[in-house]
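Let's walk through this one together, beginning with how a chain is built and ending with how two chains meet. Please have the viewer open as you read.

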Amino acid sequence: MSIISSDPLAFLIGQGGLVGTPLKEDGAGGAENLDVSQRGAVIGEPIPIVFCRRVDGVGGVLISPPATEARFSNSLINSVTASYHLVLSEGQIDSIQVRDVFQRSCRVGSFSQTYDKRAGTFIPGNFIVPRAGYTTPECPSYCGTGGQYTGLSTLAFQATYPDGIDQWNRQVHCFIRGGIHVTRLLDSTLGASNNVVDLLLYLLRNSSKVPAAQIDTASLLAGATFTNANGFWFNGVVKESTNVRDWINATLQYFLLRQTRTGGKEAVSPLLPTNNNGTIKTTAVSWEFTFTEEHIIPDSFEITYTSLADRKPFCAMVLWRQQDDNGIGVIRTAEVRYEGTAADGPFEQHDLSGFCASENHAVKVGAYILSKRRHVTHRLQLGVKPDAFNATLVPGDLVRVRLDRIASTGSNSRHDYLYEVDRIGKSLAGDVQLELTHFPIDAQLASVVAKEVDAATGAGVILPTGLTGITCDINSDSDTTVPEDTSLPPEDWNLPDESSFESEIVEIDSIDTSGLGGIDSSLPSNWTSTGGASENSDNLSGQISDAPSITPDNNDGDYIGQSYTLKDCPSGCSVQWLRDDQPISGATGDSYTTTTADIGAEISSLCCGQKAAGSFEAGTDPLPPPPDGTNPNVRVYWVAGNVYCANPSNAGASVDVKRGGTCTQGKQVYGYITVDYSYWEAGNVKVEATEFDPDSCIAYDGCNADPSTSCGEPFTQFGVFYPYGLPDVCDVTRYRTDLYRKISGNWTKVSSGFNFSYYVGHNIPASLERLVAVYAPT
Amino acid sequence: MARAQSQYLRIFSGSSTYQRWQSYYVNASVSWAGASWSYQPFDADGITAGGVQSESSISIRLPATTNVIEVVLQALDEARLAELQFYEFDTRLGNSAPQTEQTLIASYLGEVVGVKGGFTEIEMELGSSLAPVGAQVPPRTFSSRLVGAPCKL
């Protein structure tokens with residue numbers, strides 16, 4: 001039983017003159033109603049993609065573009081000239097010939113086409129004026145403004161109609177022979193294409209921004225080869241706003257393609273076995289792997305047979321579009337059925353008229369649907385153990401499942417079928433779940449469906465559209481010239497640009513919130529801006545402070561003279577330190593150093609009037625605690641120091657570079673040590689600086705032996721030393737500074753010694769200030 | 001055969017690779033495919049392949065360390081790709097470093113399309129930027145900038 005195709009409209013051929021009228025008006029529905037009012041573009045509506053390529057008399061599409069601008073004027077004899085600025089398509093399309101532009105169904109007017117800018121030169125507006133003795137035409141008064149038209153193909157159309165002919169407002173149509181330019185997969189050439197895989201690739205890249213690494217280009221190329229070899233071409237307009245997945249699923253099936261995702265990559269594969277050149281393979285097929293009992297996980301074999309109701313004969317009515325060279329298409333219907341079946345239905349309609357301009361394409365799609373429904377009897381699910389197939393099997397591959405069914409009664413049988421892989425699931429445990437569809441073959445191991453699809457062809461009847469009888473053409477139907485692009489460069493138009501749009505943006509800061517009633521539009525005074533936001537930058541860590549607290553946060557080793565700091569108190573907040581919950585006069589900074597007045601008292605702090613976490617009891621120990629790991633008898637005394645560079649010939653008088661700067665080679669260096677510690681009584685402390693080598697003592701000077709006498713009290717600076725005469729002043733030299741304390745009237749060296757490093761000739765970091773430490777015994 | 005599976009995860013964009021992790025060789029960096037793969041204790045769902053509608057995205061679970069969070073959030077923000085590969089090998093032939101004979105049994109390349117998780121574990125979803133909802137076709141619409149304020153006819 002073979003598949004046949006017929007077309008009810010084919011009978012019209014025998015009806016002579018009756019054919020012309022219905023086809024002339026609307027192309028029997030093949031094009032949008034031709035004689036309607038020109039429609040305007042609407043903000044927010046999708047911009048159509050015209051995708052077509054007329055090759056060997058097949059293809060192309062008639063479009064009815066929307067207008068964005070218009071101009072109307074009338075002459076002294078009241079003839080109306082209407083101009084429309086039309087958006088043809090996203091992207092650049094082929095140039096349109098004179099014969100391919102219509103208003104209604106008439107080749108009239110003149111036009112100028114361009115890309116990426118506004119077409120033509122007319123100024124939009126209604127310039128209709130009353131003319132004596134004539135009825136003033138009622139043309140629209142709002143005629144639009146200019147735009148950027150970036151990346152769009154545009155056309156400026158103009159036609160003039162005599163007084164009384166109200167056809168100036170009719171829809172303009174254009175027959176597009178070459179649509180949007182894409183880089184064609186098959187020949188790597190930029191130009192119009194009719195290959196649906198090129199369109200798919202364009203949409204993946206431009207609609208969904210699918211990265212190139214996620215596109216299986218090799219499979220797309222195979223798909224493009226398949227559709228091209230079998231004449232499955234796309235000649236249509238993508239204009240309905242839809243989800244790209246939905247578009248893929250609704251469209252690709254009619255090109256006998258399946259889209260799959262293999263290894264995360266977007267891929268396509270033909271629904272039929274193919275030869276190397278892309279044609280349908282009608283000879284023996286081969287399969288990738290044979291599954292037997294040893295591969296299948298027990299109890300994982302699950303078969304589902306298709307009910308007979310789903311396999312009963314039906315007639316596939318496939319709509320396609322006869323697209324003549326005159327530009328106006330005619331909808332045709334191919335009725336595809338198995339011979340002798342479903343003469344009176346049931347009917348199943350598949351509308352391919354939006355993109356299919358080939359009868360054979362439509363018939364083969366119908367044949368595929370029929371054949372699959374008839375011959376595919378079951379589906380199979382299998383769980384299989386990992387094996388060599390694991391790495392190579394992909395959806396669309398053919399596999400063989402051969403199992404022996406051994407029964408205790410009756411004869412043994414064998415389940416031995418070919419299947420097409422629909423889905424592969426690989427678990428971490430290693431087992432693989434396969435979903436398979438029965439792949440019917442004949443005795444020669446050839447695909448039954450492929451053979452039937454390959455054999456199915458249309459009747460090849462071409463119906464006249466009746467357009468030859470139209471007499472309203474002004475332009476010739478053989479005028480293949482392309483009008484000159486008279487468009488002005490964008491800079492010559494007063495078009496809105498980025499800046500003009502920005503100027504309309506209301507600055508948030510300028511919004512008057514005074515009328516918002518109880519809404520307090522101001523931030524708390526202690527809140528501060530964290531600056532500009534960035535993606536994922538709103539981690540609160542480090543941006544919004546933790547609750548205010550006092551650090552160090554324990555009482556261990558508290559001593560008089562220890563400094564405490566209020567941390568995480570927001571900027572702008574008032575601070576007040578408390579002694580036994582009473583404000584301490586003048587203690588309003590972030591830090592507080594205990595004094596003898598604090599002995600035995602609880603010290604706490606307020607941040608913006610709220611008590612900070614933690615408090616401490618001021619100790620009585622007059623000396624700082626020893627650093628960890630040091631002799632408990634040694635205590636940190638001071639931590640400050642500066643390093644300067646100086647001219648050796650004028651040391652101490654000419655400071656060239658201060659901290660953070662760079663000492664120049666050859667310059668001398670000196671330093672001084674600053675003490676800001678009032679606990680120790682003046683006159684009881686001194687510092688000596690010596691070279692690290694204890695045998696070569698370097699003179700020190702500073703505030704003499706008794707700093708208190710020369711530096712004042714409390715001494716803020718003492719022990720200034722000038723390490724003159726260094727053998728290599730611009731090298732790293734280490735010093736030792738010793739601390740002496742006057743005990744019982746005698747200077748006693750109380751430090752354990754420490755190192756002080758100068759980095760001459762290098763950047764001197766501020767951290768050097770902290771390199772110095774003096775240890776004093778209790 | 002003492003069968004084992006190792007997983008390798010690479011986060012990249014174009015020719016730039018930002019992270020290479022493996023989850024089999026504990027606390028070790030191993031060399032494989034000409035690169036060094038550091039240890040990260042992640043695991044992933046199984047991998048499926050099929051029609052666009054039938055295939056689900058896959059999830060990779062990772063410890064929510066500072067480094068991991070930073071890496072996956074950057075990958076999410078910048079739509080980076082992640083390639084997950086499963087290798088199978090015989091542990092009797094060596095279990096301390098990748099074997100040259102190991103077999104690639106599954107591979108998945110996806111865009112980092114989602115990140116979620118708990119405080120200690122974070123889950124990175126790999127999928128496709130083919131959004132299942134919303135209209136993306138055609139990609140452009142008439143806007144005031146493109147066409148101004150269109151005429152009313």
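Helices and strands here are DSSP runs, with a helix needing at least four residues and a strand at least two, and they are numbered from the N terminus. Counted that way, chain A of this predicted model has eight helices and 42 strands.

Now look at how chain A is packed. It has 778 residues, and 47% of them count as buried. Among its contacts with a separation of 6 or more, 71% join residues that lie 24 or more positions apart. The accessible surface of chain A is about 36000 Å², and carbon and sulfur atoms account for 49% of that.

Next, turn to the place where chain A meets chain B. Chain A brings 80 residues to the contact and chain B brings 56 residues. Together they bury about 5500 Å², with 56% of this area coming from carbon and sulfur atoms. What holds for polar pairs and salt bridges? Between the two chains, 12 residue pairs are in polar contact, both residues being at pLDDT 80 or more, while the rule finds zero salt bridges across this interface.

Which elements of chain A take part? Those giving two or more residues to the side that touches chain B include the strands β4 (67–74), β5 (80–90) and β23 (413–426), and the helices α2 (196–206) and α4 (244–252). The largest share, six residues, comes from α4(A). By residue type, this side of chain A divides into 34 nonpolar, 29 polar and 17 charged residues.

How values were computed. Residues numbered from 1 in each chain as written. Chains lettered and ligands numbered in written order. Predicted model: local features only at pLDDT ≥ 70, side-chain atom pairs only at ≥ 80, totals over all residues. Heavy atoms only, no water. Contact = heavy atoms within 4.5 Å. Buried area = accessible area lost by both parts, 1.4 Å probe. Salt bridge = Lys/Arg side-chain N within 4 Å of Asp/Glu carboxyl O. Polar contact = N/O pair within 3.5 Å; in protein donor to acceptor, adjacent residues only side chain to side chain. Nonpolar A, V, L, I, M, F, W, Y, C, P; charged D, E, K, R; others polar. Buried < 20%, exposed > 50% of the residue type's maximum accessible area, 1.4 Å probe, protein only. Areas by Shrake-Rupley, 256 points an atom, 1.4 Å probe, with all protein chains shown as cover.
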